[in-house]
Structure formats: C-alpha cells, structure tokens
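This report describes selected features of one protein chain for a reader at the bench. Please consult the sequence and the structure shown below while reading.

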Amino acid sequence: MGVENYHVIDLVGEGSFGKVYKGRRKYTGQTVAMKFILKHGKSEKDIHNLRQEIEILRKLKHENIIEMLDSFETPQEFCVVTEFAQGELFEVLEDDKCLPEDQVQAIAKQLVRALHYLHSNRIIHRDMKPQNILIGAGSIVKLCDFGFARAMSTNTVVLRSIKGTPLYMAPELVREQPYNHTADLWSLGVILYELFVGQPPFYTNSVYALIRHIIKDPVKYPENMSSSFKSFLKGLLNKVPQNRLTWPNLLEHPFVKESSDDLEARELRAETAASRGCDAAWKGETYKIIQSVVESSVASPENNIAQTCDGQSDSPCSIKNSSLPYEESSEPSVLDNLQSGFQELDRLANNSGTVKGATKIGQDKEAIAIVLTPLITWSPSSCSDQDILCIKQSLHILSNMVAAGALHSGVVVDEIINGLLGFSALVVSWTNSAGNDLTEKSCSLLRKLVDYSGNCNGTSYIQHWAALLELYSQVVSYTEDSSGRVLCESTACIAIMLTQVSQALVMPDSSAMPQAVSAPLSVDEASKQILSHAKKSGLVDLLLLALVASGSTSSIGSGLSVMVRVACEACRAMWALINVSEILSAKEHAFLFPLNTLRSHCGLDVKDDQELLLERASNKIVDAMVAAFLKSKHMQIAMYYCLRQRLESPLSAALQLILRCCVQSGVICGVLCGLPSSLPVTTVVSGGGDGTMVSEIFSLLSVCASSSNKEPPIGEGGNKKSKGFNLNGLVRHSCLIIATIAQCLKSSGRVSASFMLTTSPKRQHARLSVLSHHFSSNDMATTSLQSHCASAMLAFASLLALDSGGAVQSSICDIAVPLISPTSTICGLLSIPLANRSEVTVNQQEVTVNQLGMLSQWHGVRDGCVGLLETRLNLGGPLAVQQACANGIPQLLIRLLAGSFQSSPQGIDGTRDHVGLSPRGVLWTVSSICYFVSSGALVFREILIRSEHIKLICALLSEAHLKILKCWSGPGGGDNGVTDLVNIVIDLLAFPLVAVQNAPGLPLATASVNSGFLLNVGSPGGRVGMDDKDMVKAIEANLPKYIQILVEVGVPGCILRCLEHVQLKDTGRLVAFLAKMAGHRTLAVQLLGKGLLEPGRVGKLLDSSSPRDVVLDMLMITSDLARMDKVFYELLSRANLLGYLKGFLSHEDANVRAKACSAIGNMCRHSPYFYNSLAKHHIIGLLIDRCADPDKRTRKFACFAQRKTKPKQMLQVH
C-alpha cells in the first residue's frame, strides 16, 4: 500500500523523527495514525537502522502496545501507519493533576505487561514518559513512539547511547553510564509516582539541579500511599540498577499481579478481537468484511447469500439475509446501494480536499443531498457502524467546504445548518461512546457555519436560533461531555448569533446587511423575536450554568483547558444578549444623563416617578448574573480566567459584564477587590492584591500601556494583530470598572484607596502611574477628547476621591499630585466641543458610545476632567486655585453647566449630550466652583452675584431634576446621589452667609451665632470667615444684593422643596442652610411664605428620630424668627411647637435643653402672646427647674426665658 490508500486529515503532533497525522484508510473508514519521517539529512546507516526499527515494530503484537498496521517508503520519506488512540496519559495529568491509587494500579498492570513483552523480545523502549502512553477505547493503555527503541541481540547486555526525557531518566542514564532494560523500569516508577502525587519525584526547571537530584536525593513518598504501592515503587526507583525489582519477580509483586478477574477480562478482549477477524483494534473491520462479501458476490452470483460480520443477524454491522436466490434485476441490490454510497462519499471527500473541488460540491444540489443524507436519515435506534462512518465522512466533507469558502448559496447554508441542528439534537441524547465525538464535530461545524452565514434578519435565522436554544439546553445537561468541547462549541454558536444581531442593530444602514434567503424581517423585529426565544428557553440560566461549570473544573487554572474557552464564550454570549436588549431599549427610550433628560423634557413637569424607572430586560439579566456571581465561587473563578486570556473579544465582554454588575450591585465591588465582608467598612485593609480581579484589570492596563506603540499582545485565537483590534476599548472598559468600584466603595463608607491599590506604596505608585500614562497620552491632543483617556482620568479621580474621604490625608495623595495633568491641559480638554467629535460604533459591541458625551450609560466624557480638576484644587491648595482662575476655568465650568439647560434648537437631536457630565461629574463641577468662589472677591462676584448663575445652580435642585436623579441607577444616583447633590449645591449657595456669620463679631442681631453649625465646619465659607478678612469685607459689601438675588430666584422655596426628596437622616446640611437664611428677614419671610413652619414639616424635623443637628437648627430657627419680629408669632403658634419644646426641656443633651430654653425666651420677648399656651403646657415650672440645670448654658437661657415669662406669673398671682 501507499499514501494514495489513505486520507490524511489533521496534524496531531510532532514525533521523535517526524510529524504525525491523523488519517483514514479509504473504503474502510478506519482511523489511523500516520508518522512521516523525512530521509533528508540522514546517512545511509541511519536509513538502514530506520528500516530495522520498522521491522521491529512490525513484529510487535500486544494489547498494550500500539500496533503497526502498515508502512511504505518513497524516495523522500518513510511512512509508518499505526492504530489511532484518542488520548494521552499526559492530558489526563494536565486535566486531573493526580489519580486515585486504584486507577494508578490499573494503569501499572497494563504498563508492566507491555514492558515485559518488549523486554522478553530483547527491546528497550528508552523513552518512557506520559506523552508516549496513550489511552485507547475501553481505557486500554497503549505504549507508543518507539523512535528511540532498539533491539538487543542475545549477546547484547548493555547500551551506552543516551536518549529520552530528563525528568524520567534513570541515574545511570544521566551519568552516561552503561544501561540495560532496567532503565525502563525506573521510568515506569517515575510515571506511576507522578500519576499518584501530581509531579515526578524529582522536579525542577534547572537541568543541572535535576540531574543532581536524580543521582543523590532519596525519593520522598506521601503518607497516603499504600504500603503495597510504596513497596512496588521502592523496587523500581532504586538508584542501583542491579538492585531494582525485575523480571520475573516484578510480575509477582502484589501491586501488579493480575487477579482472576483481570485475566478473565483480558481473555475476553482477546476472544472478541479474534472473533472479529483481526489481531488489533481496527475500527474499519466491518467494512473490510462487507467489501469481501460484495467482491465474492460479484465473482459467484449463485452463492450470493448475505452474511453477517459476526454470524448474528441482530448485530449492528449485520446485513439482512435474503430469502430468495440471486436474480439479475434492473434495481440495485442493498449491497450495491451500500457500496455505491460509500464510494460516492469517498469520491466527494477526495474532491472536497481542494478549493476547486469543494466549490463544485457546494454548487451541486445532488452532491449536497448525498452529503447530508447520512445526517438527516440517522436514527439512534437503528444505528450501525457503517452509519457512523458515513456520518463522519459527511462531517469531514462539510468541514472542508466551509474551510474552502465554498458555500455561496444562502439556501445551501440554511439546509446544512438545519441538518446539523437536527442531527446534533438526536446524537447528544444518544448514550453511546461514539456519540460524544460526533456531537463535538457537529457542534464545531455548526459554529463555523453560523459564523459563515452572518444573516440575522430572515425567518430561517429565527428558526435556527430556536433550534439552537433547544440543543443548548440539552448540551448544558449533557453528562458525556467530560472534555467540555461540546459545551464550548455550542456556547460559541450562541455567542456568534447574538453578536451578529447586536452588530446588525447598530449598523447605520440596515440595507447594507447581507440579505437573508427567507423573507426578511426588520432587524429590530428579528432581534425582539430572538430575545423572546431566549427568555422562553431560560438562556440566561443556561449560560450561567456554563460559567459555573467552567470554573468548577480544576484544569481551568492551567489556562489551557477547554473549559477556559467555555467561560470565554459564555461571557461573549451573555454580554451580547445584554447588548441586544439594551440597544433595543435605547431605540425606544434613549439612555440619557439626568441633566440631559431634564433638558429633553423642555421644562415640562415630571409628575410620575415611574415614568423614569424604565424596566429594561437587561436589568433582569444582570440581576441574575449578580446573584450567581455572589453565590458561586466557581463563577468568580471563571470570570477571573476570562480576564487572563488576553483575547480581545471575550476580554471585552468580560470587562463589560463586570462593569454592569458593579453598577447593579455595590456588594460585587468588595468581592472584586478581595475585601473580607466580615470586617466593618471603616476598617482599612489591603485590597486589590494578587489573585483579585482588580489586580488583573490593573495588569491588563499595564499591558495595554506597554503595547500602545508596539504590536498588541492581545488578539483573537493567537492572531496578535487581528483585524479590528481595539486596544483603546479595553483600556476604556477597564478604567470605567476601576472608577465604578471606587465610587461604590465610597458610597458604602469605605474611604481609602488602599482598598483597591493595596497598602504597598510601590504598587500604589505603579497603578496610579499606569492610569496617568493612559490619560497623559491625550495631553497634546487638544482637538479631541479620546474616550479611553477620559476613562483613565475618571478612574484616577475616583480613586483619589475615595482616599480624600478619610480623616487624614494619606501618602497616596502625595504619590498622585505629580501625576495629575497641568491645569492648562485640563482647561484645554474641558474646552473641546463635544459636538465636533463622533465615534464609530458599528464594529463595537456597545450601546452608548455612539451618543456624544457618554463613555457608558453611567459615565460622562467630561467626568474625568472635572474630577481631576477638583482633585488638583483639593490637593494643590491656593496656588492650584489661582492657576485655574488664571486659565478661566471658573467661567468655563459655569458655561458647561449652562449648556446642560439649553433646549436643543429645532432640528437638532435632543438625545445627544453636548455637555458630557454624569451625576458624578456634576458633583465634581459644583465642588470645583466652591473652591473658586473663596479665591477672591472678583471671582466671587463674577460667579455668585449674578442672577442667571444662581438660577443655573438652583436648577440643579429643581423638583424635576431631583426626581430624575433619584431614579438614576448609576453612580451618583438614587437617594445618596440626591443627598450629595443637595449638599454640594448648598455649600455653594450658603458660602456668603457662612463667611459673614463666621467672621469675628456678630454682624446681625437677629441671627443665632451657631445656627447652621454643620456649614461652619469644613465648608469654603467657614474657612474664609476665619482666615481672610478682606474677602469677608467684600462679601459683606455684596451681601444685600446676593440676598436680593436669592429672593428673586426663589432659592428659599427651592431648598424647602428639597426636604421632600432627602431622607430625614441626611437633612443636616439642608436644614443648616434654612437656619442661615432664617437669620435674614427677607429670606425668612419667603421661607415662611413657602411653608417653613407647616405643622407636618415641623413635626417631622423635630421628631425623636430626627438627627441632633437638625433638631438644634430647628430650635435656632424658632429663636431667630421669634427674636426678629412678633409678627411671626402667629405662624410659630400654628406650628404646634410647644409640645416639642416641653419635651426638649428634659432632653438628655444639654445643647438641646439650652436651645429649647432660648427659643421659649425669644417667643416671649416682644409680647405675652404665648403666655397662656406656656401655662397650659406646664412649661413655666420646667423652666424654673432648668434654672438649676447642671449645664451652665442651659441655666443661662433658662433664666433668660424665666424672666421673659415673669409678667404672666405676676398677673396670675394678683
């Protein structure tokens, strides 16, 4: 025979002397291994020796030794054909690391028999290692690769040439001493030791150290090894060859001695092989017998009685007996049809091996029908061996056609996909050893075809999707898929189809899509049907199960496991599903920041909060993923290894999934940092260390930074410079995750960057530096603000904002300051008009980047710029503020906010955000303005002594904006977001009042000295009042005008309305500002007119559950109003204050008692209006008691109040 009698299929590896291919013998379907050994470079002696080696192999006939089936020689090469075994023992070690002792014992018995056979025939293997031990059908172990084997003549005792693998070498080999067959026995001992322990007895990366260990070190045996096994290994792993356990005693050792059951099983296998007419495990023996029957029938038609291959009519490979003698007929016999079918498939298989031949088949409907027939007609209930071989041939032909790009007809592709889906659904439920291999091949081919077709707007696509979902539900629960390859291929099919849909949805012109064969639907309609099928089939749960399954496999840690691919494909599919859902939602309800939403309402009142809470299907998907992530450690492992793969598509998907989960649940942020949930949030620990996802994300950013000017180390399937590679996209997603985690940690009360940067100064500097690198690359690009640079700024600013929340400034701030961009650069970036930039997103799996001003649904393009600015102002002190003012940044920020409230001109898309500020960006913007107003009189007047600016700032607290913000699901939204916004705006608006009131001396006789105390501490106004007398004078001079502006704009009423949107526990600064305003008559009048003393509001603020500072400020408001004018007495009376005041006189807090006494005294300052009410509530007696209070201030105000109520007492006496 020659190579023309075989189909060469795939390269499976490199052997000792050449390449090894998987092949198939023609007409029989037998799968073989074909080793090609080039003659080039070999001497005549080498070639002579090689022929001798082949003759040695030809003579070997043993169950546990790979059998040589054929060999031939050409002028250029030798070819040795052997039986084909599926797996290597090496793969078992890679997947399982170690095996139970009973399994090791079963392998040992077979290897001992194989070596005994070799050594009995005077043959030393010389290269014993796990890679040369194959696992065949029925878990039969087979020795292979005799490239180093050498036959010994009867006179040969020892050999000197050194060959083999160092890890498994015997001591005499590494010493280059003479050796004999016992060298194989040492190697056997090493292999068995490794199978049980997980690594060889001597293991190191240094060859020299390894040799030293092998020669000198004793073998250490684990405690869990049985005494029998240890005894056996000690007999083999003896450093003195003469003292090793050898034949025949080795066969009698209890660990490997065959039991009666072993002998019976071996004899049964031998009888089975003999009865099938072969000495070795030929997979195609049935076809050889059928072929011989056909040939004999042609030669002797009179004897044409069909025979079975084993004499039994019910055998799977039997041919039905004919009850009639042979007669000539125009109709072909069953045997004729069978043989012609084989030959036709063989012919098509041969032709499909070239592009030209494959293309012809793809254009021939009859040929396609022949190829698909074995798949379409197959049934598990009546399956024969020839059916399996025909199916394999069909799959091989289809695979060749796809590889050659020969399928140009959409009808043909649809037909093939339908056939494969139907066949896969049947074979996946078939409980047969061959079923898994067929399922894997079929799903692999499905993946290629689905990717090949690319049409998603036809009814056939919807049908394929529905069938694929049914198949996938079977695959996820498929127990025969131990390797995970079927799950991997089918998950990839899901990912590819969903990705195609998401890409089609964002194409600017759907007509540019390839037209489907069947009646096309609109892309939107097709997408909705696909989501509907996904929901009905429970696809989300199935993908989550796949992720959990991939992370539960121990071999995923090697990074080479198929299960890593499963995890990657599941991430791709999950993200694509979310993306499709969000693209469709965005088409109905645009994703807008709260400010932009407010602008799009064009001043209309927002009445129903539920209108703003758009329930998106993607939220439910993310909720399910969050729950699974928090519940399953295996899923966390799977996601972690997805990040480590450095393949762009799954990496991008994994990053975006993590981002969505972080936005949806702050709990996940702690998990990503590796923070212990058992410790209080105020306990600072080192987070983001090795092995955490945050650490892996920073590592990815480092890789991207080092590769920005080089060939990217990230690609698709090994193609490092793949088409459409988007390094900047990976940077953007990574930075947005870091920013979101930092913001969530701060919201939860964790106020240290060490939670993410570790406590190591070296790592802190490295991580901040890599972020600085990414946004510094935009310093010179003054014409555009690149999204990945903007994201890096946001991450940097968020980390420092996390750290600035602590009581003491940490060393992280010292590290960060030199890395922040210069003020002039920040000014230049903020000045870039967003309307002039556009980002192409057709080839990106994103929803929101196509909307100007948005990095994601939750992050604005300018957030990072204003965040860095606020950080520089905070850490840089007065000099940084002066530099910013010199660059005109205060005016720039005001214009920026003003742009948020400008209605879109007619004809311009109102959904496009030209400001680029998310809620978090708005906070940083207002906070920065707070720094500027305290920098000098000129800036103060320019910003705050302007009615239009106060209107602009006050608009942030409009009822509509606060409702929208409360419903905002991203960072800076919800109840906390509303509170943060109200507080920072109050800091700005209260600045002049706080500065003047904190100045030395009491400027107003009607204002309490300590009213609004919360605003006196830590606010810009508080600092100015104490430090800058000239600034205070300038503020005093402009204060009347400022108060007039507040009244004209209606600030008092706006602040009162904020009470309805802020939780009671968070009303401290808000009520403090009310207290500040209550000290100024015109503001007090407006406050009262807007319902400041409405009984329900007063009762809520003075309730026992109200914060202490709120109660104190409400008492001071009462005092100030009562002291200011008796005209306010009636309103104070309607507020039903006296019941609360009476209780406060006995309060445990001395400050509360003192303020209550002061309020009562002022209520009696101008007239006896409250005398009767005080007597009615029995308050006067309590006041007298308070005159003896242990607290000095309480005694003082109690005496003051008692004096004011004395006239009434005297009246009662007379």
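The side chain of Thr-871 comes within 2.8 Å of the backbone oxygen of Gly-867, a polar contact in the sense used here (a pair of N or O atoms within 3.5 Å; within protein, one must be able to donate a hydrogen and the other to accept it, and residues adjacent in sequence count only if both atoms are side-chain atoms). This is a predicted model, in which local features need pLDDT of at least 70 and side-chain atom pairs count only at pLDDT 80 or more, while totals for chains, interfaces and linings use all residues. Residues are numbered from 1 along each chain as its sequence is written, and side-chain values use heavy atoms, with hydrogens and water left out.

Thr-871 belongs to helix α33, residues 863-886. Helices (H or I, at least four residues) and strands (E, at least two) are DSSP runs, numbered from the N terminus. With a relative accessible area of 5%, Thr-871 is buried; buried means under 20% relative accessible area, exposed over 50%, and partly exposed in between (1.4 Å probe, protein chains only). Apart from neighbours within four places in sequence, Thr-871 is in contact (heavy atoms within 4.5 Å) with Ala-797, Leu-800, Ile-820 and Gly-876.

Ser-734 offers another such case, in helix α27 (residues 727-747). A polar atom of the Ser-734 side chain lies 2.8 Å from the backbone oxygen of Leu-730. Ser-734 is buried, at a relative accessible area of 0%. Not counting residues up to four places away in sequence, Ser-734 touches Leu-655, Ile-697, Leu-700 and Leu-701.

What does UniProt list for Lys-39? The unreviewed entry gives this residue under "binding site"; UniProt positions follow the numbering used here, feature names are shortened, and annotations may be inferred rather than shown by experiment. Lys-39 is located in the loop between β3 (31-38) and α1 (44-59). Its relative accessibility is 14%, so Lys-39 counts as buried. Leaving aside neighbours within four places in sequence, Lys-39 has contacts that include Ile-47, Arg-51, Glu-73 and Phe-78.

Strand β3 itself contains Met-34. Met-34 is buried, with a relative accessible area of 0%. The C-alpha atoms of Met-34 and Thr-82 are separated by 6.5 Å, although the two residues are 48 residues apart along the chain. Beyond residues up to four places away in sequence, the residues that Met-34 touches include Val-3, Tyr-6, Phe-72, Cys-79 and Val-81.

Helix packing is illustrated by one pair. Helix α11 (residues 355-363) and helix α13 (residues 385-403) pack at an angle of about 105°, and their axes are 9 Å apart. Axes are lines fitted to C-alpha atoms, for helices over the stretch in contact, and angles run from 0 to 180 degrees between N-to-C directions. The angle makes α11 roughly perpendicular to α13; angles of 65 to 115 degrees count as roughly perpendicular, under 35 as roughly parallel, over 145 as roughly antiparallel and the rest as oblique. From α11, Ala-358, Ile-361 and Gly-362 meet Ile-397, Asn-400 and Met-401 of α13. The residues of this contact divide into 4 nonpolar, 2 polar and no charged; Ala, Val, Leu, Ile, Met, Phe, Trp, Tyr, Cys and Pro count as nonpolar, Asp, Glu, Lys and Arg as charged, and the others, Gly among them, as polar.

Helix α38 (residues 959-967) is largely enclosed by the rest of the structure, because 7 of its 9 residues are buried. The buried residues of α38 are Ala-960, His-961, Leu-962, Lys-963, Ile-964, Leu-965 and Cys-967.

Backbone geometry also deserves attention. The peptide bond from Trp-247 to Pro-248 is cis, with omega near -5°. Pro-248 is placed in the loop between α7 (227-236) and α8 (260-275). The table sets out two residues with positive phi that are not glycine.

| Residue | Phi | Loop | Relative accessibility |
|---|---|---|---|
| Arg-122 | near 60° | between α3 (101-120) and β7 (123-124) | 29%, partly exposed |
| Glu-176 | about 60° | between α4 (171-174) and α5 (182-197) | 59%, exposed |

For the chain overall, there are 55 helices and 10 strands. Of its 1214 residues, 55% are buried. Among contacts with a separation of 6 or more, 74% are between residues 24 or more positions apart.
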